[in-house]
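Work through the exercises below with the coordinates open, and try each task before reading its solution.

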Amino acid sequence: MARTALTMTAATLTATAALLLTACGGGADDSSQDDIKGAETSTSSATPSPSASGSSDVDRPDVSLPEDLKLVFDFEKPSDAEQAAALDDAANYIRALDHGIAQQDPNDPAYQFYSTGGAAKYAKSQIEAWVKDGWTVTGNDRYFNASIDPVGEGKSTLITFCRNQAKFYSKKVKTGKVNYTDENLDSYQKFSLLMSPSEQSAKVWQARQIEVQGRVKECQG
């Protein structure tokens, strides 16, 4: 399994794209996998670590990952508090997805906390695929160029961002053998996450739909 193994079926991509286009009147983007214990951010990133993200009175699940996996969110923090919260939890959804892979648990509570609907089904299906084939994740993964757009009259928000997974690899669980790959256009993806407040807590934002667009030249440049 290559590092880009987390993919969506054509039918799912089409359905998600249609949903997002209908919701916001614009193009949708994309998503994939990765995560790290004590997730690190660059100097320009305002996305907090898993332990610091969100309100202290919300009981959030563990999204830490092994030390050989490093996740970087190079995002500028929005001045709007709700947009900032939505962006934080979009990052937590990505962390949670990889937490499930690292734990080898398709029913991991972390992704269920940060997602619902199509995004939750996507996370589960991806974790199942990695577990079935005996792979986990390792390396460095970077997310950048985030944009946030309100959707309709409600509180839903469409968050898009780029990904550089050139140093993000798959690793055999049993042997520890890493599947190294060279950087190319496949290393660059674009995510779209449709986010909205959780029904359980308005302080938590959940991913409802996700789309992953591969081989994105604008992210490479």
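The exercises concern a predicted model and go from the overall fold to the core, the rings and the cysteines.

**Exercise 1. The fold as a whole**

Determine how many helices and strands the protein chain has, and in which pattern they follow one another.

Solution. Begin with the counts: the protein chain has five helices and seven strands. Placed in sequence order, these elements give the pattern α-β-α-α-α-β-β-β-β-β-β-α. Next, consider burial, where 49% of the 221 residues in the protein chain turn out to be buried. Finally, take the contacts between residues at least 6 apart in sequence, of which 77% join residues at least 24 apart. The surface that the protein chain exposes comes to about 10,000 Å², and carbon and sulfur atoms supply 47% of that area.

**Exercise 2. The nonpolar cores**

Find which residues have the most contacts inside the largest nonpolar core, and which element gives this core its largest share.

Solution. The largest nonpolar core has 37 residues, and those with the most contacts inside it are Y93, Y143, I159, F161 and L193. Among the elements that give two or more residues to this core are the helices α2 (81-103), α3 (109-114) and α4 (117-133), together with strands including β1 (69-74), β2 (135-150) and β6 (188-197). The largest share, nine residues, comes from α2. To look at one member in detail, take I159 and leave aside its neighbours within four places in sequence: I159 is then in contact with A86, L87, A90, S147, I148, F191, S192, L193 and M195. A second, separate core has five residues, including F144, Y188, V216 and C219.

**Exercise 3. Aromatic rings**

Classify the ring pair of Y143 and F161, and work out which parts of the chain this pair ties together.

Solution. The structure holds eight aromatic pairs. For Y143 and F161, the centres lie 5.7 Å apart and the planes make an angle of 75 degrees, which is over the 60 degrees required for an edge-to-face pair. Since Y143 lies in strand β2 and F161 in strand β3, the pair ties together parts that are 18 residues apart in sequence. Continue from F161, which is buried with a relative accessible area of 0%, to F191: the two ring centres are 4.9 Å apart and the planes stand at 50 degrees, so this pair is tilted. Because F161 lies in strand β3 and F191 in strand β6, their pair ties together parts that are 30 residues apart in sequence. Y143 is likewise buried, with a relative accessible area of 0%, and the value for F191 is also 0%. One aromatic cluster is formed by F73, F75, Y143, F161 and F191.

As a further step, examine charges over ring faces. R142 lies over the face of F144, at 4.3 Å from the ring centre, while R163 lies over the face of F168, at 4.8 Å from the ring centre.

**Exercise 4. The disulfide**

Identify which cysteines a disulfide joins, and establish its handedness and which parts it ties together.

Solution. The sulfur atoms of C162 and C219 are 2.0 Å apart, which is within the 2.5 Å cut-off, and the two residues are accordingly joined by a disulfide. The count for the structure comes to one disulfide. The angle about the S-S bond is -75 degrees, and the link of C162 and C219 is left-handed. As C162 lies in strand β3 (residues 157-164) and C219 in helix α5 (residues 217-220), the pair ties together parts that are 57 residues apart in sequence. Both C162 and C219 are buried.

Key
Residues are numbered from 1 along each chain as its sequence is written. This is a predicted model: local features need pLDDT of at least 70, side-chain atom pairs count only at pLDDT 80 or more; totals for chains, interfaces and linings use all residues. Side-chain values use heavy atoms; hydrogens and water are left out. Helices (H or I, at least four residues) and strands (E, at least two) are DSSP runs, numbered from the N terminus. Buried means under 20% relative accessible area, exposed over 50%, partly exposed in between (1.4 Å probe, protein chains only). A nonpolar core is a set of buried Ala, Val, Leu, Ile, Met, Phe, Trp, Tyr and Cys residues joined through side-chain atoms within 4.5 Å. Contact means heavy atoms within 4.5 Å. Rings of Phe, Tyr and Trp (its six-membered ring) pair if their centres lie within 6.5 Å; planes under 30 degrees apart count as stacked, over 60 as edge-to-face and the rest as tilted. A charge sits over a ring if NZ of Lys or CZ of Arg is within 6 Å of the ring centre and within 35 degrees of the ring normal. Accessible areas come from the Shrake-Rupley method with a 1.4 Å probe; for residues, only the protein chains shown count as cover.
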